[in-house]
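Let's take a walk through this fold, strand by strand and then on to the metal.

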Amino acid sequence: MSSEIAIVKYPHPALRYQSKPLKRVDAELREIAAQMFQLMYETKGIGLAGNQVALPYRLIVINPTGDPERKDQEFCLLNPVLSRPKGTEELDEGCLSFPEIWAPVKRAKTIRLNAYTIQGEEVNWEADGMLARVLQHECDHLDGVVFVDRTTETEKLRIRDDLEELEIEYRQNEALGRIPHPERIATQLAELEKLRCV
Ligand SMILES: [Zn+2]
């Protein structure tokens with residue numbers, strides 16, 4: 001497998017994939033995580049999930065400040081599990097897999113996180129603010145859920161044309177051979193899963 005990764009855009013099937021917990025961490029995975037941080041900063045993001053780089057792994061990288069200088073805010077989390085949602089707050093969200101699209105999403109204000117770092121240390125956080133929102137957005141990705149699924153019906157109507165534009169662009173890239181066909185993507189995801197999840 002090549003370790004070259006790229007951010008996939010809606011409606012790439014990897015964005016609908018239910019990712020499996022990671023069982024194995026190797027040098028290549030660490031390299032992939034480093035590349036994910038790089039891609040995230042290049043595209044001005046604050047979080048990126050495995051599914052968004054067509055990897056079927058429960059792996060997310062986040063930096064709620066979006067500032068590459070703030071290494072203390074950089075987290076690479078494996079097999080994150082969220083629990084005990086408290087309160088709700090509605091804010092506009094965007095996503096690197098949905099360029100130029102923003103929509104309000106209701107999320108829990110505070111949330112508990114259990115996960116492992118890529119070094120294998122267990123973390124248990126009580127998260128709030130931007131961190132809580134990013135965690136919820138990224139963990140959704142791992143279950144094949146995207147932020148536009150969670151916005152209101154009115155907002156879904158408002159962004160319908162933008163989504164259609166992304167769909168048209170995707171089909172064009174597929175026809176040009178820039179994106180593999182769905183069966184090939186499914187095979188690739190299954191192979192990657194076999195490599196580190198079983
Ligand atoms: Zn996203």
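## The β4-β5 pairing and its sheet

Strand β4 (residues 98-117) is joined to β5 by seven bridges, and the two run antiparallel. Strands here are DSSP E runs of at least two residues, helices are H or I runs of at least four, and both are numbered from the N terminus; two strands pair if DSSP finds at least two bridges between them. Tyr 116 sits opposite Glu 122 in β5.

Zooming out, five strands make an open, antiparallel sheet, ordered β1-β2-β3-β4-β5. The edges go to β1 (47-49) and β5 (122-128); each has a single partner strand, so one side of each lacks a neighbour in the sheet.

## Where the model comes from

This is a predicted model, with local features needing pLDDT of at least 70 and side-chain atom pairs counted only at pLDDT 80 or more, while totals for chains, interfaces and linings use all residues. Numbering starts from 1 along each chain as its sequence is written, and side-chain values use heavy atoms, leaving out hydrogens and water.

## The zinc site

Which residues are the protein donors of the zinc ion? They're Cys 95 (SG), His 137 (NE2) and His 141 (NE2), at 2.0 to 2.2 Å from the ion. Donors are N, O and S atoms within 2.8 Å of the metal (3.2 Å for Na, K and Ca), and water is not among the atoms, so sites may look incomplete.

In sequence, the donor residues follow the spacing C-x41-H-x3-H. His 137 and His 141 are about one helical turn apart because they lie four residues from each other in helix α2 (residues 129-142). Both His 137 and His 141 are buried (under 20% relative accessible area, with over 50% being exposed and partly exposed in between; 1.4 Å probe, protein chains only).
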